[in-house]
Amino acid sequence: MRVLVRRCWGPRLGSVARPGRPSAQWRALVGLGGEDGRDARVREKPPWRVLFFGTDQFAREALRFLHAARENKEEELIDKLEVVTMPSPSTKGLPVKQYAVQSQLPVYEWPDVGSGEYDVGVVASFGQLLSEALILKFPYGILNVHPSCLPRWRGPAPIIHTVLHGDPVAGVTIMQIRPKRFDVGPILKQETVPVPPKSTAKELEAVLSRLGANMLISVLKKLPESLNNGRQQPTEGATYAPKISAGTSCIKWEEQTSEQIFRLYRAIGNIIPLQTLWMANTIKLLDLVEVNSSILADPELTAQALIPGSVIYHKQSQILLVYCKDGWIGVRSVMLKKTLTATDFYNGYLHPWYQKNAQAPTSQCRFQTLRLPAKKKQKKIVAMQQCID
């Protein structure tokens, strides 16, 4: 797939310093010593010693590019590469750990960050606020590969919110980490790509992970110059991309349009299935499809007085049709105790209901909005652009 890329920049951070050494502003932040603002351990050019922080598939791609650069002895960009990741209940660990072990890279589990000497840190989808003391251990600070066009979608789930809100453009930003707040540091490099129509978050993640990994290598090739030319993020246009909770997956039939429901499905469907209520039972909608015009013209649909949540089995296409705020969505399979096709659900639940309640209005046969208990603390679903790969 060809991807059109353009650069987008905010206002300048400050005047351009001489390439080949950290700027006075950066030297002041990290407290570098020496008469000219440098000490003996600061390298002015590659190869760099890198400590990488990451967890998921998006981060794995950045680590893969760093490892390839380390293995490329002709270019001499990376001298040392070590990895920090989060603990995982899986014995294999998260994708970043799996790759590090496979590639025989030293790997630490947070909060262990090793004790070696490094020139620069790199973060991608790590989800932890790094302390100022940790940042200051790196002469060139810590870079963040963030999959959005900052300041839009600061936070842990930018790709999901890009799809959820129907953004026509996505992006990747290479920025400097600043202590105490997420995603507010100066922009070193930023590029945008059009979001393919009907793209899922997982599909968009694959595009942005490759873009971000390439951008990271580009920044590292000219690291001091990139730092000196950093630009502050614009003050306008900032939005936040919070983690996804179980409540996000509950369809609100009276409030959400078919387009909003499909965007929700494309954004989080591979992390947590969309949920609704059927006769006091939670039911998960596994496979959503758009409803074509020939089905919508069926007299069985047009002749009925419907309310949001009304569900009808369409025999010819073998899908469930569910009415929402402005139209219909199609469902091919659901989970109610076990996974059922639309036909199975009709035969086992819808048809028996119609036989038992022949005199009842069809509006009683419907899905209802599932409202999770407010007092029950909902477990956050870590949206790893985010950790399900």
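Let's start with Trp-278, which has just 3% relative accessibility and so counts as buried. This is a predicted model, so read what follows as a tour of that prediction. The partner to look for is Phe-367: the two ring centres sit 5.8 Å apart with the planes at 85°, so this is an edge-to-face pair. The contact bridges a good stretch of sequence, with Trp-278 in strand 10 (residues 274-278) and Phe-367 in strand 16 (residues 367-368), 89 residues apart. Phe-367 is buried as well, with a relative accessible area of 0%. Nor do these two rings stand alone, since ring pairs join Trp-253, Trp-278, Phe-345, Tyr-349 and Phe-367 into a cluster.

Searching the whole structure turns up 12 aromatic pairs. Another one to pull up is Trp-48 with Tyr-140, where the centres are 5.2 Å apart and the planes meet at 65°, so this pair is edge-to-face too. Here again distant parts of the chain are linked: Trp-48 belongs to strand 2 (residues 48-54), while Tyr-140 is in the loop between helix 4 (132-135) and strand 6 (142-146), 92 residues apart. Both Trp-48 and Tyr-140 are buried. For a ring with a charge over it, go to Tyr-118: Lys-80 lies over its face, 4.6 Å from the ring centre.

Phe-345, which we met in the aromatic cluster, turns up again in the nonpolar interior. The largest nonpolar core has 81 residues, and the members touching the most others are Phe-52, Leu-143, Leu-220 and Phe-345. Helix 6 is the biggest contributor, giving 11 residues to this core. Where does the core lie relative to domain 1 (43-229) and domain 2 (246-368)? Both domains give residues to the core, so it lies between them. There is also a second, separate core of 17 residues, which includes Leu-51, Tyr-108, Trp-110 and Val-113.

Now turn to helix 8 (residues 258-268), which is mostly covered, with eight of its 11 residues buried. Those eight are Ser-258, Ile-261, Phe-262, Arg-263, Leu-264, Arg-266, Ala-267 and Ile-268, so the list holds two arginines alongside residues such as Leu-264, and any residue on it falls under 20% relative accessible area. The buried part of helix 8 packs against a whole set of neighbours: helix 5 (158-164), helix 6 (201-221), strand 9 (244-245), strand 10, strand 11 (281-289) and strand 14 (328-336).

One residue that reaches helix 8 from elsewhere in the chain is Ser-199, which touches Arg-266 as well as Val-163 and Leu-204, leaving aside residues up to four places away in sequence. Ser-199 sits in the loop between strand 8 (187-194) and helix 6. With a relative accessible area of 7%, Ser-199 is buried.

That leaves the charged pairs, and the structure holds 11 salt bridges. A local one comes from Glu-61 and Arg-64, whose side chains meet at 2.8 Å, N to O. Both residues are in helix 2 (residues 57-71), three residues apart, or about one turn of the helix. An α-helix has 3.6 residues a turn, so residues three or four places apart point the same way. Buried or partly exposed? Glu-61, at 10% relative accessibility, counts as buried, whereas Arg-64 is partly exposed, with a relative accessible area of 34%.

Other salt bridges reach further along the chain. Glu-75 and Lys-221 meet at 3.1 Å, N to O, linking the loop between helix 2 and strand 3 (78-85) to helix 6, across 146 residues of sequence. Glu-75 is partly exposed at 40% relative accessible area, and Lys-221 is partly exposed at 43%.

Finally, look at Arg-152 and Asp-167, which form a salt bridge at 2.9 Å, N to O. Arg-152 is in the loop between strand 6 and helix 5, and Asp-167 is in the loop between helix 5 and strand 7 (169-176), so the pair ties together parts that are 15 residues apart in sequence. Arg-152 counts as partly exposed at 30% relative accessibility, while Asp-167 is buried, with a relative accessible area of 10%. Salt bridges that share partners also join Glu-259, Arg-263 and Arg-266 into one network, which brings us back to helix 8, where Arg-263 and Arg-266 are among the buried residues.

Conventions: Residues numbered from 1 in each chain as written. Predicted model: local features only at pLDDT ≥ 70, side-chain atom pairs only at ≥ 80, totals over all residues. Heavy atoms only, no water. Phe/Tyr/Trp six-rings, centres within 6.5 Å; stacked < 30°, edge-to-face > 60°. Helix = DSSP H or I, 4+ residues; strand = E, 2+ residues; numbered from the N terminus. Buried < 20%, exposed > 50% of the residue type's maximum accessible area, 1.4 Å probe, protein only. Lys NZ or Arg CZ within 6 Å of the ring centre and 35° of its normal. Contact = heavy atoms within 4.5 Å. Core = buried A, V, L, I, M, F, W, Y, C linked by side-chain atoms within 4.5 Å. Domains from an automatic or database assignment. Salt bridge = Lys/Arg side-chain N within 4 Å of Asp/Glu carboxyl O.
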